[in-house]
Amino acid sequence: MVLSEGKPLDRAYSHHFSGLQLAPSEQARITVVAGDILRKLNLYCYLSDVKSEEMSRMGTRLLNVWHMFHELELPKMQYALQMDEREYFDRLEKAKVQPALWDGCPEWLDTMGQAQLGDAWAKERAALSTQPKRYLRVNLLKCTREDLGKKLRNEQVQTKEVEGVDTALEVTSDSALFRTESFKKGWFEQQDAGSQLVAAAVDAKPGMRVVDACAGAGGKTLSIAAQMQGKGRLLAMDVEQWKLDSLKQRARRANAHNVETRIIASSKTIKRLKLSADRVLLDVPCSGLGVLKRNPDAKWRDTPERLPVLVALQKHILQSYSRMVKVGGILIYATCSIMPEENRDQIDAFLAENDHFKLIEDENISVADSGFDGFYLAKLERISE
Ligand SMILES: C[S@@+](CC[C@H](N)C(=O)[O-])C[C@H]1O[C@@H](n2cnc3c(N)ncnc32)[C@H](O)[C@@H]1O
């Protein structure tokens, strides 16, 4: 379903899980197995000698090989296609000396990663093939991180505080988070710790005028609303109304009353806000190559041809939307990519053409070094009209 119909993995899970009465531990097991198979699909296909187009027919052999790889007892499946053990071990030895295959990396991505990151690519590639951790962002409009940890413990959800990310808790138990009272009360959102660091970089203060110009369903908007303690004006914009509708709902649940949404219908929407904002967050559409741990299906759908199209769109958004920042205000450019072409290269090109801005700082959030999803963020100050 994920690969043949192009359905994102998280939506495929919710489609399948709704209506099934599965215990949280069973759901967790399914997501672990399905996630791992998708993260290293080419490796498991190679080890089981199954071509990707044969997967629906040969899926039982692939699943058996997954169990062999993890040294687990084979599942009891009727009519399962077996893998010859000797051939499996022979293939295993050959796979071990092919690092990109071992890390579940498609060839096009390996070529791109090498070209863009050089020596740093190998560790990022390996980190992208690991299971993502689950992180929560405490909603400071409703409670503290300590309160949330305690409340969740009473609801049988174990968490621990994440060092260096003040708003984050890591979930360490297989719990159904969205059934908890804490979630229903809007005390937290599920959000990667790297994404929380990007939102924190906005550093919005109560009373400011802030624009989140590519807000989507508001992952970062809600975080910014909490920084503003509900005071001031927070305008969340996007080109897709359904995302803004979902944002509105989430904002209500989170008590984020200073959020206003606005669809970007044309360039006029942006022009009207010229030189008006203390902070503008541009969390631009990107390749998503920093979040492949979480969305591994994307690497089997994507092609390298998409990158230049995205780079051109990012460049346009930077040029045009930066006009909303007032003198002395800060522009925060962010991606969930680890590729310099979408990141520092964009900022360098922008600064070369715009002497109204100066770079304050930028940061690569490395998947390998942080254990979070991979992000990039740059903070620029407008120094003149
Ligand atoms: C990386 S996502 C944003 C994620 C969101 N900020 C969050 O934290 O959940 C990029 C968003 O940019 C939006 N987008 C695409 N083209 C755009 C454009 N020309 N102007 C503004 N937003 C755009 C997409 O609809 C998408 O929601």
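## Strand order and helix packing in a predicted model

Q: Which residue in β4 stands opposite Arg-137?
A: The model is predicted. Strand β1 (residues 134-138) and β4 run antiparallel and are joined by three bridges. The residue of β4 that stands opposite Arg-137 is Glu-189.

Q: Which strands stand at the edges of the sheet, each with a single partner strand?
A: The order in this open sheet of four strands is β2-β3-β1-β4, and the pairing is antiparallel. A strand with a single partner has one side left without a neighbour in the sheet, so the edges are held by β2 (159-161) and β4 (188-190).

Q: By how many degrees are neighbouring strands of the sheet β2-β3-β1-β4 turned against each other on average?
A: The pairing in this open sheet is antiparallel. With direction ignored, the average turn between neighbouring strands is 35°.

Q: Which strands are at the edges of the open sheet of seven strands?
A: The pairing in this sheet is mixed, and the order is β7-β6-β5-β8-β9-β11-β10. An edge strand here pairs on one side only. The two edge strands are β7 and β10 (357-365).

Q: By how many degrees are neighbouring strands of the sheet of seven strands turned against each other on average?
A: This open sheet has mixed pairing. The average turn between neighbouring strands, direction ignored, is 15°.

Q: What angle does the direction of α11 make with that of β11?
A: Helix α11 packs on the sheet of seven strands. It touches β8, β9, β10 and β11 (375-382). Between the direction of α11 and that of β11 the angle is about 5°.

Q: Which residue of β6 is the bridge partner of Arg-209?
A: Strand β5 (residues 209-212) pairs with strand β6 (residues 233-238) in the parallel sense, over four bridges. With helix α12 (residues 219-227) these two strands make a right-handed β-α-β unit. The partner of Arg-209 in β6 is Arg-233.

Q: Through which helix does the chain cross from β6 to β7?
A: β6 and strand β7 (residues 259-263) run parallel and are joined by five bridges. Leu-234 has Val-259 as its bridge partner in β7. The β-α-β crossover between the two strands is right-handed and passes through helix α13 (residues 241-253).

Q: Which residue in β9 stands opposite Leu-281?
A: Strand β8 (residues 277-283) is joined to β5 by three bridges, and the two run parallel. In that pairing, Val-211 is opposite Val-280 of β8. Six bridges join β8 to strand β9 (residues 325-335), again in parallel. Opposite Leu-281 in β9 stands Ile-332.

Q: How are α3 and α5 oriented to each other?
A: The axes of helix α3 (residues 41-48) and helix α5 (residues 85-96) come within 8 Å and cross at roughly 140°. An angle over 145 degrees would count as roughly antiparallel. The helices α3 and α5 are therefore oblique.

Q: How many charged residues are in the contact of α3 with α5?
A: On the α3 side the contact is made by Leu-43, Tyr-46 and Leu-47, and on the α5 side by Tyr-88, Arg-91, Leu-92 and Ala-95. By class, six residues of the contact are nonpolar and none is polar. The number of charged residues is one.

Q: How many of the eight residues of α3 are buried?
A: The buried residues of α3 are Leu-41, Asn-42, Leu-43, Tyr-44, Leu-47 and Ser-48. The helix is thus mostly covered, and the count of buried residues is six.

Q: Is Asn-64 partly exposed or buried?
A: Asn-64 is found in helix α4 (residues 55-69). Beyond its neighbours within four places in sequence, it is in contact with Leu-74, Ala-80, Gln-82 and Met-83. A buried residue needs 20 or more other C-beta atoms within 10 Å. Asn-64 has 19 such neighbours and therefore counts as partly exposed.

Q: What value does phi of Leu-275 have?
A: Most residues other than glycine have a negative phi. Leu-275 lies in the loop between α14 (267-271) and β8, and it is exposed because it has 12 other C-beta atoms within 10 Å. Its phi is positive, near 50°.

Q: Where does Asp-203 lie?
A: Asp-203 is not a glycine, yet its phi is positive, about 50°. It has 13 other C-beta atoms within 10 Å and so is partly exposed. Its place is the loop between α11 (193-202) and β5.

Conventions
Residues numbered from 1 in each chain as written. Predicted model: local features only at pLDDT ≥ 70, side-chain atom pairs only at ≥ 80, totals over all residues. Axes fitted to C-alpha atoms, helices over the stretch in contact; angles between N-to-C directions. Parallel < 35°, antiparallel > 145°, perpendicular 65-115°, else oblique. Contact = placed C-beta atoms within 7 Å. Nonpolar A, V, L, I, M, F, W, Y, C, P; charged D, E, K, R; others polar. Pairing = 2+ DSSP bridges. Right-handed = clockwise from strand over helix to strand, strands pointing away.
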